[in-house]
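Colleague: Could you take a close look at one part of this model for me, the place where the two chains meet? Once that's clear, I'd like to hear how the salt bridges fit in.

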Amino acid sequence: MTVLQEPVQAAVWHALNHYAYRDAVFLAERLYAEVHSEEALFLLATCYYRSGKAYKAYRLLKGHSCTTPQCKYLLAKCCVELSKLAEGEQILTGGVLNKQKSQEDIVTEFGDSACFTLSLLGQIYCKTDRLAKGSECYQKSLSMNPFLWSPFESLCQIGDRPDPEQIFRLTSLQCFSGGSGAPSLLPISPAHTPSHNMPHRQVDTVLMETPQDTLELNRLNLESSNSKYSSLNTDSAMSYIDSSVISPDTVGTLGTGGTLLSKQVHNKPKSGRSLLGGPAALSPLTPSFGILPLEPSPGEPLYLQNYSHSGSGMEPPPPGVPPKKSVARISQVGTKSVFAQSGNSREVIPIPFNQTQTTAPPQTSTTPQVLSPTIAAPPNVQPRRSSRLFTSASSTAKENSKKLKMKFPTKIPNRKTKSKTGKGGITPSNLNESIEILKLDSSMTEGKVNMGTPQFQAFSLQKAAADGLMSLMRDIGRGYLALSSYNCKEAISILSQLPSHHYNTGWVLGQIGRAHFELAEYMQAERIFSEVRRIESYRVEGMEIYSTTLWHLQKDVALSALSKDLTDMDKNSPEAWCVAGNCFSLQREHDIAIKFFQRAIQVNPGFAYAYTLLGHEFVLTEELEKALACFRNAIRVNTRHYNAWYGLGMIYYKQEKFNLAEIHFKKALSINPQSSVLLCHIGVVQHALKKSDHALETLNRAINIDPKNPLCKFHRASILFANEKYKAALQELEELKQIVPKESLVYFLIGKVYKKLGQTHLALMNFSWAMDLDPKGANNQIKEAIDKRYLPDDEEPVTEDYPYDSAAEVEESQESSMTDADDTQLHTAESDEVL
Amino acid sequence: MATPSKTPPGSDPKQLERTGTVREIGSQAVWSLSSCKPGFGVDQLRDDNLETYWQSDGSQPHLVNIQFRRKTTVKMLCMYADYKSDESYTPSKISVRVGNNFHNLQEIRLEMVEPSGWIHIPLLDTVNNPIRTFMIQIAVLANHQNGRDTHMRQIKVYTPVEESSIGKFPRCTTVDFMMYRTIR
């Protein structure tokens, strides 16, 4: 039966790897109709899921029994996507009500994919408000596979403080046992723990392979997820990728690496699960990932190459030598590499492989001259070599490897080991070494003992690459952790220390932009976000923060351009609709803004910020009940969303429930302790509660944290004024005048202070300045202040003019008070003349 | 007797809205009419379209009742009337009444002569503050050329926006201040 399935399965994987989902689905459906095995079921479900129809996969899997872990995992994933959390949980753990499996059970059941399963389970727990259990699952998932970023991110977001130093570390067990995930990196399969110490053993087992085994190995290799091949491809004259690869000239390789990377990056998301196995074997040459001693070539592009390799999941051949070997092989294998990249081709592969072997020489001619002779030499041997090299131990190819494991239990570990060692960086390493290894290989196939040194070297190169990645992830993890706890200054400094090629990426810059935003440094945030837009115009994550930054800065043109661009690009992202809503809110079209925010919520009900923004709009339209509901929803989605707590506090303040307001503001402050705006609000509320001393203390704290915040000084001045400390208030206001010379409120308050002090001229002067600076204000308060100022005073001739003016102002409220102020001056002048 | 001068058109209330000093709150109220021709009712009065209008279908005075859920501060009323297009249907004498219910309304009378656009009616009390009321009633007492029925193209009700972020201060004017005013 399996024999019959294999060509079809290989064809299906081939189609999947080329994103030809309709073909894949059709073939998978025929296969399933022919063979009702669970494997075929899984294949069909995978096709549906990858083509974006999770509901089809869900219904298919639901309708049939799923006992294999991969089916269960896929079904659970579909459930989570379709928001059927209870069902997902039941599948993974046996149910909310029934006896639940412990994490250990899950680990043993799911084996390699346990890290992803646990991550999914963590998601389910967090969404159903069981944060402690969710946190546990995430921790376990990270301990099994430190290459996963999303559990770490989720842990930071729920308020845990995971330690990136501990988490992003390759334990020796992982390095050498392959563990789950990071297939490309881990040199040895789980079954293979001691092997890393014994490269020789691997060699021995390899030597024992029969030609038939080789074929099987080939299949296995090709079945394994991509990357490795791609890495091979970069170096080698991958027929389908770029033939100009191997050359002694590293620059050339760098070029290919670049192109490969772009392709690989493409592959990554599409290959779905198979590619999830971490970035793994990254180039040993980049500074971030450790420069391997083998290769003196510059890091970056090669890193890219290797990155692509790891991304694709194909095991790269051992650095140095293997690339060359693979070059030879790949060039021969031409079509095979294609399969390899997709990672799961089966039967089909060996056949073309054999065929291409014969055509090897012409293809290999594209490879560097050094290799061609060696390649041409033993064509028959090469398939075996490649199969060895290309064996993948990736967990994604579990289904394949499992099957193969059944057939060749002893061989698989070897293969895995070998392939893993092969991974390393694909560097256009020493040609001599490659030739040497090629010769070694041939000797191996001939039954000679292999030295095993190349594999060992390769292995250490791989390890160095992985360590490099881990160190990068530690840095990024520390930065992200700081940002999640709102230690924004620290986050900025940590993230700014990243190497420039990582710094200038959308994600990192987006985080830095957000950090500036949280610090209320909107100008810097705007600069950084516009840089993000320039580098990655397809990035929507973080754009809602950018839009709020523009809202604060009142840059309506930029905001409407951003809104148009994003809504054109991706109508299914909540961020785009939040931007649109902010744009209209800035234009004071609150009803339209409300509509857009509601749309954002429809698109993604788990996006807390959309609820918060909607709440703010309702506050602006004075629909406080609805606003309360929105903020509460935001808190339901994300308890640590301090903006929503702030929003609730604001509503209670408007309703003059100052106690409640203070409580909510303090809750927001507990989440974000460095926000001077929050402290300022707390200060004002405390003053409203008659706790003026506390208020002043709080405001002092706010000013200490952020001396640039003018409102803190303003409110401090107003509290001093209310407490009749006029001199202090005046001093404060004078300072404020220097900072914000054009703000009418400052002059207004100064005027009031002078009025209280009895200095009418100064008061009047300041009031008129305030009016001048507020042309469209029609600020009744200022006018009232002036009116009241003069109503009790009867003797001055000036007074005659003021009631006249104020009446005129009242009738034509729309008109600029500028003219009124001018009139005032005129009248005063006239009255002086009269006198 | 000198011909009374024509009522000049006021500015477009949309521009007013953009200054952020006033907000249209007609949507928070329940609107009713004393009478209307089918297809020319409240929807046409409130649809932001100057081409459609309300046409009354009864005896004078024709009434537009605006009832709020809660006591609302109203700063001004804007009406659109155009003598050139409506001729004898154009209202000439309007009485705006405010109060808590139908039985205790106080009046503010207004006369228009050949209006040709937006008419702003400020609703202020004796100390020139915007009034706080539960309902507003607009009564059309007479039309131009003694027409029986009236056309009214659009009515908007405005409330002043209190720029209260925090503290009982008027709105700030500079972006620098406004940036720190609120967390969004």
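Modeller: Sure. On the chain B side, 37 residues are in contact with chain A, and on the chain A side 61 residues are in contact with chain B. Bear in mind that this is a predicted model. Between them the two chains bury about 4,400 Å², and carbon and sulfur atoms give 59% of that.

Now the polar side of things. Chain B and chain A have 15 residue pairs in polar contact, counting pairs with both residues at pLDDT 80 or more. If you ask which parts of chain B do the touching, the elements that give two or more residues are helix 1 (13–19) and helix 4 (175–179). By residue type, the side of chain B that touches chain A splits into 13 nonpolar, 13 polar and 11 charged.

Even with those charged residues in place, the count of salt bridges between chain B and chain A is just 1. The side chains involved are A:E617 and B:R184, with N to O at 3.0 Å.

For the wider picture, searching the whole structure over all chains turns up 27 salt bridges. A nice one to look at is A:E165 with A:R478, where the side chains meet at 3.3 Å, N to O. A:E165 sits in helix 11 (residues 164–167) of chain A and A:R478 in helix 27 (residues 453–484) of chain A, so this pair ties together parts that are 313 residues apart in sequence. Both ends are partly exposed: A:E165 has a relative accessible area of 28%, and A:R478 comes in at 32%.

Helix 27 of chain A also holds a salt bridge of its own, between the side chains of A:K463 and A:D467 at 3.2 Å, N to O. These two are 4 residues apart in that helix, which means about one helical turn separates them. A:K463 is partly exposed at 27% relative accessible area, and A:D467 is partly exposed too, at 32%.

You'll find that spacing again in helix 30 (residues 506–518) of chain A, where A:E518 and A:R514 are 4 residues apart, or about one helical turn. Their closest N and O atoms are 3.6 Å apart, and they form a salt bridge. Here the two ends get different labels: A:E518 is buried, with a relative accessible area of 8%, whereas A:R514 is partly exposed at 22%. The cut-off for buried is under 20%, so A:R514 falls outside that class.

Going back to A:E165 and A:R478, they belong to a network: salt bridges with shared partners join them with A:R169 and A:D475.

As for the chain that carries these pairs, chain A has 48 helices and 0 strands. It runs to 835 residues, of which 61% count as buried. Taking contacts in chain A with a separation of 6 or more, 67% come from residues 24 or more positions apart. Chain A exposes about 31,500 Å², with carbon and sulfur atoms supplying 56% of that area.

Methods:
Residues numbered from 1 in each chain as written. Chains lettered and ligands numbered in written order. Predicted model: local features only at pLDDT ≥ 70, side-chain atom pairs only at ≥ 80, totals over all residues. Heavy atoms only, no water. Contact = heavy atoms within 4.5 Å. Buried area = accessible area lost by both parts, 1.4 Å probe. Salt bridge = Lys/Arg side-chain N within 4 Å of Asp/Glu carboxyl O. Polar contact = N/O pair within 3.5 Å; in protein donor to acceptor, adjacent residues only side chain to side chain. Nonpolar A, V, L, I, M, F, W, Y, C, P; charged D, E, K, R; others polar. Buried < 20%, exposed > 50% of the residue type's maximum accessible area, 1.4 Å probe, protein only. Areas by Shrake-Rupley, 256 points an atom, 1.4 Å probe, with all protein chains shown as cover.
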